[in-house]
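Here is a short set of exercises to work through with the model open beside you. Try each task yourself before you read its solution.

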Amino acid sequence: MIAQFLREATVICIAGALLGLVFGGVLAYLIATFAGWQVAWAPLPILLSAGFCAVVGLGFGVYPARQAAQLDPIAALRHD
């Protein structure tokens with residue numbers, strides 16, 4: 001059961017990383033275009049930011065996943 005919660009956390013953190021990279025790239029390009037600067041893309045910072053997002057997302061996903069996996073589904077649905 002914990003694998004399901006970890007898969008969900010992985011999908012959410014990957015989606016967040018991709019959205020952040022796209023938003024950051026577009027914003028950087030727009031700022032550089034209006035300021036008259038050149039844009040230089042380096043793969044290492046992009047990979048580091050995606051990796052950091054994955055580590056944080058999975059790190060904060062493990063504890064709730066362990067807690068949820070230990071609950072009885074019927075009892076968990078009875079409480080808010």
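**Exercise 1: Two cysteines**

Cys 53 is partly exposed, with a relative accessible area of 23%. The model is a predicted one, in which local features need pLDDT of at least 70 and side-chain atom pairs count only at pLDDT 80 or more, while totals for chains, interfaces and linings use all residues. Residues are numbered from 1 along each chain as its sequence is written, and side-chain values use heavy atoms, with hydrogens and water left out.

Task: Find out how many disulfides the count comes to, and explain the result for Cys 53.

Solution:
- Step 1. Start with the labels: buried means under 20% relative accessible area, exposed means over 50%, and partly exposed lies in between (1.4 Å probe, protein chains only). Cys 13, at 6% relative accessibility, is therefore buried.
- Step 2. Recall the rule: a disulfide is a pair of cysteine sulfur atoms within 2.5 Å.
- Step 3. Look at the sulfur of Cys 53: the closest cysteine sulfur, in Cys 13, is 5.5 Å away, so it is too far for a bond.
- Step 4. Conclude: the count by this rule is 0 disulfides.

**Exercise 2: The overall form**

Task: List the helices and strands of the protein, then decide whether it is more spread out or less spread out than a compact globule.

Solution:
- Step 1. Count the elements: there are 3 helices and 0 strands. Both are DSSP runs numbered from the N terminus, with at least four residues for helices (H or I) and at least two for strands (E).
- Step 2. Read the order from the N terminus: α-α-α.
- Step 3. Compare the radius of gyration, 18 Å, with the 12 Å that the globule rule gives for 80 residues; the value is well over the rule, so the protein is more spread out than a compact globule. The radius is taken over C-alpha atoms, and the rule is 2.2 Å times the number of residues to the power 0.38.
- Step 4. Add the box: along the principal axes, the C-alpha atoms fill roughly 60 × 25 × 15 Å.
- Step 5. Finish with burial: 9% of the 80 residues count as buried.

**Exercise 3: Along helix H1**

Task: Describe the surroundings of Ala 9, and say how far its C-alpha atom is from that of Leu 30.

Solution:
- Step 1. Place the residues: Ala 9 is in helix H1, and Leu 30 is in helix H1 as well.
- Step 2. Check their accessibility: Ala 9 is buried at 14%, whereas Leu 30 is partly exposed at 39%.
- Step 3. List the contacts (heavy atoms within 4.5 Å). Apart from neighbours within four places in sequence, Ala 9 touches Gly 57, Leu 58 and Gly 61.
- Step 4. Give the distance: Ala 9 and Leu 30 are 21 residues apart along the chain, and their C-alpha atoms are separated by 31 Å.

**Exercise 4: A nonpolar patch**

Task: Which element gives the largest share of the nonpolar patch?

Solution:
- Step 1. Find some members: the patch covers about 1100 Å² of surface, and its residues include Leu 30, Phe 34, Val 39, Trp 41 and Ile 46.
- Step 2. Name the element: helix H1 (residues 2–35) supplies the largest share, 8 residues.
- Step 3. Set this beside the whole: the accessible surface of the protein comes to about 6500 Å², and 74% of that belongs to carbon and sulfur atoms. Accessible areas come from the Shrake-Rupley method with a 1.4 Å probe; for residues, only the protein chains shown count as cover.
- Step 4. Keep the patch rule in mind: residues need over 30% relative accessible area and no salt bridge, with like charges joined within 9 Å and nonpolar side chains (Val, Leu, Ile, Met, Phe, Trp, Tyr) within 5 Å. A salt bridge is a side-chain nitrogen of Lys or Arg within 4 Å of a carboxyl oxygen of Asp or Glu.
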